[in-house]
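User: Please take a close look at one sheet in this model, and follow it outwards to the helix beside it and the empty space around. I would like the criteria stated as you go.

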Amino acid sequence: MITRSSLMMVVSLGVLVLAGCAHVVEVGTTAAHQAGVITKQEKDYYDRRAQETESAVRPMTDREEYYVGRAVAATVLGQYRLYRDDRLNLYLNQVGQALALASDRPLTYGGYHFAVLDSDEVNALACPGGTILITRGMLDRARNEEELAAILAHEIAHVNHKDGVNAIQRSRWVQAATALGADAARQLGRGQLDELASVFEGSVGDVVKTLLVNGYSRADELAADQSAMIIMVRLGYDPHGLTDYLARLAQEQGAGARQGFFATHPGMGDRLADARATINANKWQQVNHQVRDERFAAYRR
Amino acid sequence: MRRKAWFLAAGLLLVASVAMAASVKVITQQAVIRKDKRFFAPPVVTVPYGEVMQELAREGDWLRVQYRGNQGWIHVSAVQEQKVELSSLMKSKAKETSQDEVALAGKGFTPEVEKAFRAKNPQMKYDLVDRIEGYRVSMEEVHLFVRDGWLREPGGAS
């Protein structure tokens with residue numbers, strides 16, 4: 001069971017890490033299928049996702065992703081209040097920045113920024129490009145810096161994997177291309193700009209809908225957990241921070257919580273099992289984090 | 001005979017310079033060239049978006065680059081390989097480029113598009129987004145934070 005889930009991890013990670021290399025993923029899934037590790041159905045699923053990812057990612061530059069991310073954040077901040085606590089913000093951005101530097105995409109066009117939303121619900125949102133918003137409710141459930149790091153690393157992983165921009169419908173690109181016409185070097189006319197602005201608006205809507213209503217796919221969530229733990233281990237955090245936190249959320253979900261995060265993140269129990277299997281497969285040990293526990297306690301006082 | 005040799009030399013030089021002059025373009029708002037191949041190494045110079053620099057060497061995720069007389073290291077995620085201009089010389093690529101790529105190659109979602117979008121949606125909380133983008137922690141602060149928390153330095157060349 002452990003080998004199976006660890007291979008699954010390799011495959012699902014590969015889908016995202018190698019976004020843009022669908023044929024490489026296919027080679028991997030074919031091997032995994034032949035070895036009897038994944039079923040034909042699973043193989044088809046991963047191949048399809050790899051292809052979707054490839055075609056959706058290619059046309060978007062980092063700079064465009066940044067502008068989409070700003071608009072997504074501006075929309076979300078119309079629905080939530082920003083929680084203003086300079087001390088907390090500083091701490092959050094220190095943890096987040098260190099994690100981002102240990103991630104596969106340490107630098108983005110506008111950089112990573114972390115902020116708290118003034119809400120009791122449990123939620124965390126990764127806007128494309130690197131602005132990460134987490135609710136006070138989510139933050140309050142973290143008991144130490146390792147768990148806080150797990151939350152932030154998971155969201156950084158979504159940015160790394162471009163899960164937000166991948167939610168943009170492919171038809172938007174066709175619309176954009178039509179709006180611009182073939183001559184990309186020409187100065188944009190008024191009509192073209194309006195047309196592009198509405199394509200932009202649609203794209204932003206696609207991302208917001210995924211973040212707030214539909215949620216990412218189960219495969220995307222598992223892949224983000226995997227990457228989160230890798231980021232944590234690289235930096236020296238205890239990856240058990242993720243399983244401890246997930247266990248707490250799974251318990252709440254089991255007790256009937258269905259709001260916000262719990263609606264967009266079903267199957268917390270599955271995520272927990274998957275993360276535990278990964279820790280076992282990699283033989284990641286517990287880490288002494290007393291010095292960080294103390295600083296967390298000081299900041300949260 | 002002498003002319004032929006001259007042409008040959010010139011041709012070789014052209015091929016060699018195309019092959020060697022690997023250059024990279026900055027794709028982040030600002031990028032920092034550092035003294036060593038570590039995020040926490042002292043900065044040499046800050047380079048704005050779109051600037052092109054010469055790539056001298058590569059080690060892991062770090063590139064040794066030269067920019068306006070300054071040399072140092074830059075992380076690969078801040079730059080993009082410049083496409084070798086050979087293809088544009090031969091005019092073969094232009095036709096192969098799909099419409100999608102043309103549409104979004106620097107002409108897609110630009111600051112002008114954001115401006116048009118904001119004009120249409122004045123209720124958007126861009127002021128708060130700007131405030132959040134102002135939450136910055138310097139590399140020196142991150143360095144201290146990592147050290148004081150007994151964490152490992154991220155992104156070293158290792």
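Analyst: The account below starts with the sheet and then moves outwards.

This is a predicted model, in which local features need pLDDT of at least 70 and side-chain atom pairs count only at pLDDT 80 or more, while totals for chains, interfaces and linings use all residues; side-chain values use heavy atoms, without hydrogens and water. Residues are numbered from 1 along each chain as its sequence is written, and chains are lettered from A and ligands numbered from 1 in the order in which they are written.

In chain A, four strands make up an open sheet with mixed pairing, in the order β1-β2-β4-β3. Helices (H or I, at least four residues) and strands (E, at least two) are DSSP runs numbered from the N terminus, and two strands pair if DSSP finds at least two bridges between them. The edges are held by β1 (82-83) and β3 (124-127) of chain A, each with a single partner strand, so one side of each has no neighbour in the sheet. The partner strand β4 (residues 131-135) of chain A runs antiparallel to β3(A) and is joined to it by four bridges, with A:A126 standing opposite A:I132 in β4(A).

Across β1, β2 (113-117) and β4 of chain A lies helix α5 (residues 86-101) of chain A, which runs at about 135° to β2(A). Here contact means heavy atoms within 4.5 Å, and the axes are lines fitted to C-alpha atoms, for helices over the stretch in contact, with angles from 0 to 180 degrees between N-to-C directions.

Helix α5 of chain A also leads to the second largest pocket, since it is among the elements that each supply at least two residues of its lining, together with β2 (30-34), β3 (43-48), β6 (70-75) and α7 (139-148) of chain B. This pocket holds about 700 Å³ of space and is lined by 29 residues, of which A:L107, B:Q30, B:V32, B:R136 and B:M139 lie nearest its centre. The most is given by β2(B), with four residues.

Elsewhere, a search of the whole structure finds four cavities of 30 Å³ or more, and the largest has a volume of about 80 Å³. Its lining includes A:M138, A:H154, A:Y245 and A:R271, and α7 (145-160) and α11 (240-254) of chain A each supply at least two of the lining residues. On a 1 Å grid over the protein atoms alone, a cavity is a set of points where a 1.4 Å probe fits but cannot get out, and a pocket is an open set with protein on both sides within 12 Å along at least five of seven lines, lining residues having an atom within 4 Å of a point. Grid points are joined across faces, edges and corners, and a volume is the space filled by probe spheres set on the points.
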